[in-house]
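Subject: Structure handover

Hello,

Here is the structure I said I would pass on. My notes on it follow below.

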Amino acid sequence: MNAPVARQEFIPADLPEPTYAELEHIPGMVPARFPILRTLKFLANPLGRSRELFEQHGRIVRRQDFGGWGVSMIGPEANEMILFNKDKIFSSELGWNPVLELLFPRGLMLMDFEEHRIHRKTLSVAFKTEPMQHYFTQLDEGITRGLAKWPKGKSLNFYPSIKSLTLDLAATSFLGVPWGGEAEKINKAFCDMVAASVGVIRKPLPFTAMKRGVDGRAYMSQYFAGEIPKRRGVEANDIFTQVCNARDENDNLLGEQDIIDHMNFLMMAAHDTTTSSITSIVWCLAKYPEWQDKLRAEIKGIRERHGKLTYQTLGEMELTDMVFKEALRLIPPVPSMPRRAVKSFTFQNHVVPAGAHIGVNQMISHRLEEYWPNPEHFDPNRFTAENSRGRHKYAWVPFGGGAHMCLGQHFAYMQVKMFFFALLEGYRIVAEKPLGDVESDFRMFPIPKPKDGLPVRIEAI
């Protein structure tokens, strides 16, 4: 049986857009004559601009972007209130819709409450232990094959190189097929969709980023639609086939449009955020090469004890885990998370009205001195058991939190650990030029990437 899950209607029909007057009591920006210039300034340097606003106004800030008014909330208490969402005040769907509705509509992140719970539970079958073990085998082969093609001892632009590799890995583990000759079209479609998410022009007018993004979605949707009938009733270990045959609590298969929407979103989330995360780690390791030596010693120990890395021994890569977490503290792969208040609430004695657009700002929460001393310094030891003890659970939120915690978090950890096990065992990463800081070296929105592609050399040990 194949039936779509009914959408839950919980949002007031007359939910208003907030006005400046309704938010005037909250500290922050004042009306700008040309709001679009303010938006462009923010997109040029989101970290620097966010830092300025925090230093001027504190942990709740009135902001203006894309011509509208909203509120940014900073710190673990704000993160917990919004992401844990105990009182069901905040809508993820209405938060992301202005950014992603034309590009990734009805993805898991664009659902709320009971509907979200049902779809998440249905999709979680693809991330259980048995399929994860199969993904491990596929990733192991793909990473080995991909790294063998990279030039050694010569300059390599790391970001485009890892982006190509993660696309190949996503093709095998997510779809169970190599892209072959379609690789360039697929890559372009996803790049266009992600770039359109922060396009200043929000309608798909000719020659705009949004038009290219909408066209990219149409291409991917057509691809998935053609493949779904081939996957129904078939046993296979890729995520796409698992989703095509997943059943909800009523033993219903997902509808075809649901599968298309979920696969578009999952592929974007897995491909672009993993590309960004691995690049951030490489930037950190190139800047602090002593940590390459520490990770290499950890890898050597696993090799001596077990002969090879396995799914069961991934947990022994504790230092790699700490490096990953610290890199994502400095450069979270999703720099901010939007929500919308479906009813009024109070934070730090400020009443925020229903309808307000709310932003979780990980970039600044991850740099609060009381939780992260010397916050711009790369120090994975912050994540030892001893140093983590007593730290607020929501002080570090690169994967979100609560019901919307990233469904593929463990898949991301697995892929990252496997990549660095393969890379660092026999090679060192050397920056081709002096590295600056996050603010100078990275373009943070929509997903962080190095401004210059991060030229490095991969040198044999």
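Two residues count as in contact when they have heavy atoms within 4.5 Å. On that basis, 75% of the contacts in the protein chain with a separation of 6 or more are between residues 24 or more positions apart. Please keep in mind that this is a predicted model.

Overall fold: the protein chain contains 18 helices and twelve strands. Its radius of gyration is 22 Å, close to the 23 Å that the globule rule gives for 461 residues, so the chain is as compact as a globular protein of that length. Along the principal axes, the C-alpha atoms fill a box of roughly 65 × 55 × 45 Å.

Surface and charge: 55% of the 461 residues count as buried. The exposed area of the protein chain is about 19,800 Å², of which carbon and sulfur atoms supply 54%. There are 56 positive and 54 negative side chains, and the centres of these two sets lie 3 Å apart.

Interior: the largest nonpolar core has 106 residues, and Phe174, Met263, Phe419 and Phe420 have the most contacts inside it. Helix α12 (residues 256-287) gives this core its largest share, 15 residues. Beyond its neighbours within four places in sequence, Phe420 is in contact with Ile278, Ile281, Val282, Leu285, Ile299 and Glu425. There is also a second, separate core of 24 residues, with Ile60, Phe90, Ala341 and Phe345 among them. In soluble globular proteins, nonpolar side chains tend to be buried together.

Regards

Notes: Residues numbered from 1 in each chain as written. Predicted model: local features only at pLDDT ≥ 70, side-chain atom pairs only at ≥ 80, totals over all residues. Heavy atoms only, no water. Helix = DSSP H or I, 4+ residues; strand = E, 2+ residues; numbered from the N terminus. Rg over C-alpha atoms; globule rule 2.2 N^0.38 Å. Buried < 20%, exposed > 50% of the residue type's maximum accessible area, 1.4 Å probe, protein only. Areas by Shrake-Rupley, 256 points an atom, 1.4 Å probe, with all protein chains shown as cover. Lys, Arg positive; Asp, Glu negative; His and termini not counted. Charge placed at Lys NZ, Arg CZ, Asp CG, Glu CD. Core = buried A, V, L, I, M, F, W, Y, C linked by side-chain atoms within 4.5 Å.
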